[in-house]
Amino acid sequence: MIDDGTGLLTIGKLARSTGLTVRTIRYWSDEGVLTPVTRSAGGYRLYDAECAARLELIRTLRELGLGLDDVRKVLAGETTVAEVAAAHVVALDAQIRSLRVTRAVLSTVARRGSTAEEMTLMNKLARLSAAERRRIMEEFVEELFHGLDTVDPAIEERMRSIAVDLPDDPTPEQVDAWVELAEMVQDPEFRAQMRKAVEFNASDQERAAVRGRSTWFPMRLVQLGAEARERGIAPESPEADAILREVLGDGGDPAVVLERMESASNERLARYRELLATVKGGGPAAAHRPEFAWVVAALRARAAG
């Protein structure tokens with residue numbers, strides 16, 4: 001206090017009583033969040049007990065991460081502490097998610113021994129915002145179905161509902177998968193392969209008969225292929241021919257089905273399904289590589305016969 005009986009505090013006394021530095025208090029005063037009540041004859045700033053209480057509030061708000069603009073609004077009554085705190089919770093959640101992604105990227109880089117160039121690419125792709133990740137996938141799907149109005153609605157709905165995003169706390173494997181997936185769906189050659197598969201579906205005249213049949217049909221073939229492999233049935237054997245006849249019927253054209261299966265069972269499409277499963281937290285078994293291979297081999301044998 002000063003010795004004039006007013007009970008006012010100099011900035012030095014205020015600093016000692018609060019544990020803050022003179023420099024900090026002066027800065028907050030200069031920024032207009034802690035205004036001195038008056039100045040001494042020598043021009044020194046003087047503060048009262050209310051200023052000291054206000055200073056404690058400012059310190060608390062700053063320690064919680066609020067910027068001076070928000071602090072000023074709280075002190076002026078333009079907003080409440082609760083409202084500002086809620087906004088900062090949202091911001092902190094975003095920062096935490098970003099830090100988790102960064103941690104996963106660094107873990108992947110350390111595990112793979114990536115070069116500086118690879119690390120830069122991984123970090124760039126992995127740290128895209130959720131909106132940017134959705135945009136990449138939405139543009140990919142939009143190109144697949146553009147101009148095609150006879151695609152099985154069940155398949156189109158499933159493709160359009162794909163929401164591929166990194167979880168809040170991604171594993172290094174999920175970061176790896178997302179980076180590869182993002183590059184893949186932006187590759188014109190892969191897009192052309194996927195477009196061809198969708199065009200095959202659109203040209204299927206049986207689409208109008210049973211909604212979802214074009215989804216059910218290849219999965220039924222894969223299921224039969226899995227069962228045949230478990231029983232040790234060779235794709236070119238008479239037993240395999242009988243299995244295919246269960247689904248195709250006597251009038252089904254194996255060459256037509258083969259063309260469709262091959263359009264949906266190449267290595268890149270299988271890898272695409274694996275990456276989707278990994279990013280979503282599933283396993284690589286979703287690609288059904290051996291089962292697809294058995295069905296394709298069996299169809300080739302029957303078409304050749």
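Select R45 and show what surrounds it: leaving out residues up to four places away in sequence, R45 touches L9, T10, I11, R26, S29, D30, P36, T38 and R39. Bear in mind throughout that this is a predicted model.

Keep R45 selected and add D30. The side chains of these two residues are joined by a polar contact of 3.0 Å. Is R45 buried or exposed? R45 counts as buried because its relative accessibility is 15%, and the cut-off for buried is under 20%.

Next, widen the selection to residues 45–47. This is strand β3, where R45 has its place. Now show the whole sheet, which is open and has 3 strands in the order β1-β3-β2, with antiparallel pairing. The edges are held by β1 (9–10) and β2 (38–39); each has a single partner strand, so one side of each has no neighbour in the sheet.

Look at the pairing of β1 with β3. These strands run antiparallel and are joined by 2 bridges. Select L9 to find Y47 of β3 standing opposite.

Now leave the sheet and go to the largest nonpolar core, which has 24 residues. Select F140, V185, F190, M194 and Y272, the members that touch the most others in this core. To see where the core draws its residues from, colour α7 (130–145), α9 (172–185), α10 (188–202) and α14 (267–279), the elements that each give two or more residues to it.

Centre on F190. Beyond its neighbours within four places in sequence, F190 is in contact with F140, M184, V185, R268, L269 and Y272.

Last stop: another core of 20 residues lies apart from the largest one, with I11, A15, V33 and V71 among its members.

Conventions. Residues numbered from 1 in each chain as written. Predicted model: local features only at pLDDT ≥ 70, side-chain atom pairs only at ≥ 80, totals over all residues. Heavy atoms only, no water. Helix = DSSP H or I, 4+ residues; strand = E, 2+ residues; numbered from the N terminus. Buried < 20%, exposed > 50% of the residue type's maximum accessible area, 1.4 Å probe, protein only. Polar contact = N/O pair within 3.5 Å; in protein donor to acceptor, adjacent residues only side chain to side chain. Contact = heavy atoms within 4.5 Å. Core = buried A, V, L, I, M, F, W, Y, C linked by side-chain atoms within 4.5 Å. Pairing = 2+ DSSP bridges.
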